[in-house]
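Visitor: I've got a structure open and want to talk through what holds it together. Can you walk me through it?

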Amino acid sequence: MPELQASSFNQVHVTLADGTSFAGVRGTSTGTGKGTITNSFNAVVQVIKDAGRGAGTFRVRRGFLAFDTSGITGTVSAATLSLTVSHASPDLPKLAIVRGTDDGSALADFDAITGYNSSATMSGNVTDLAAVPAHDFSSNSSNDTVTISLNSTARGLMTSQDELYIVLVSYAHDYLLVEPTSGGFFDVGLYGTTHSTTSRRPHIDYTEVAAGYTHLPLNVAAADINQVNNVASADIHSIIDV
């Protein structure tokens, strides 16, 4: 089964201090910070409500994976995304996997999600690339590798697009637009694209079915196909003996 390593892995987050709201932070179109995940990062997907004056401090962080799918020419019949946990916090989140529009390398990519509405739940608006939620990290520990089946939409994009953008978000809070409880820290760390153990890097394993043959490899024009079909059985040996 072929394996496709992530071509990039980035994170973009928004952190706003006292006097803000969770909805206001999540609804921001531009991040306040970003980073590239090479070896590992301890909070790739994160939602925080830190108690303080007023409404407290909120943070929402999203992970962005990019895969170069330009070499896939056939139909992808099965695909799984593998992620390895580098840091397990006390409150590990449920994960949602949605289609992105960019690779998360810029602050403006915080809302680079297909169909995203900053003031509404992602449910029914974005393009899901796996079951919802895609995975529950609550039973995972450091160095666990989780395997997530990608749905038919994701598999279709692997064939039709030269680049597949996957965004990792917190299901319970970011995806559903539900404010966490005060003092809540929900995050998970993951290994990145240059980790020394190749199997721990984010990757997609997939099965590709080659595209079917047409009249083109035989150099037979479409208009002449009927002539081939009408060859009498008695004349088959003449073709074979050519």
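**Core and salt bridges**

Guide: Sure. Keep in mind this is a predicted model. Ile97 touches Leu81, Thr127, Asp128, Leu129, Ala130, Ala134, Ile148, Ile166, Val167 and Leu168, leaving aside residues up to four places away in sequence.

Visitor: Which strand gives the largest share of the largest nonpolar core?

Guide: That core has 34 residues, and Ile97, Ile166, Leu168 and Ile204 have the most contacts inside it. Five of its residues come from one strand, the largest share, and that is strand 6 (residues 75–88).

Visitor: How many residues does the other core have?

Guide: It lies apart from the largest one and includes Val14, Ala112, Ile113 and Val167. Its count is 20 residues.

Visitor: How far apart in sequence are the parts that Asp174 and Arg26 tie together?

Guide: Their side chains meet in a salt bridge, 3.1 Å from N to O. Asp174 sits in helix 3 (residues 171–175) and Arg26 in helix 1 (residues 22–26), so the parts tied together are 148 residues apart.

Visitor: Which residues are joined into one network by salt bridges that share partners?

Guide: Asp174 also forms a salt bridge with Arg62, with the closest N and O atoms 2.8 Å apart. That pair links helix 3 to strand 5 (residues 57–68). Shared partners thus give one network: Arg26, Arg62 and Asp174.

Visitor: And Lys49 with Glu179: which one is partly exposed?

Guide: Their side chains meet in a salt bridge at 2.6 Å, N to O. Lys49 has a relative accessible area of 15%, so Lys49 is buried. At 40% relative accessibility, the partly exposed one is Glu179.

Technical notes. Residues are numbered from 1 along each chain as its sequence is written. This is a predicted model: local features need pLDDT of at least 70, side-chain atom pairs count only at pLDDT 80 or more; totals for chains, interfaces and linings use all residues. Side-chain values use heavy atoms; hydrogens and water are left out. A nonpolar core is a set of buried Ala, Val, Leu, Ile, Met, Phe, Trp, Tyr and Cys residues joined through side-chain atoms within 4.5 Å. Buried means under 20% relative accessible area, exposed over 50%, partly exposed in between (1.4 Å probe, protein chains only). Helices (H or I, at least four residues) and strands (E, at least two) are DSSP runs, numbered from the N terminus. Contact means heavy atoms within 4.5 Å. A salt bridge is a side-chain nitrogen of Lys or Arg within 4 Å of a carboxyl oxygen of Asp or Glu.
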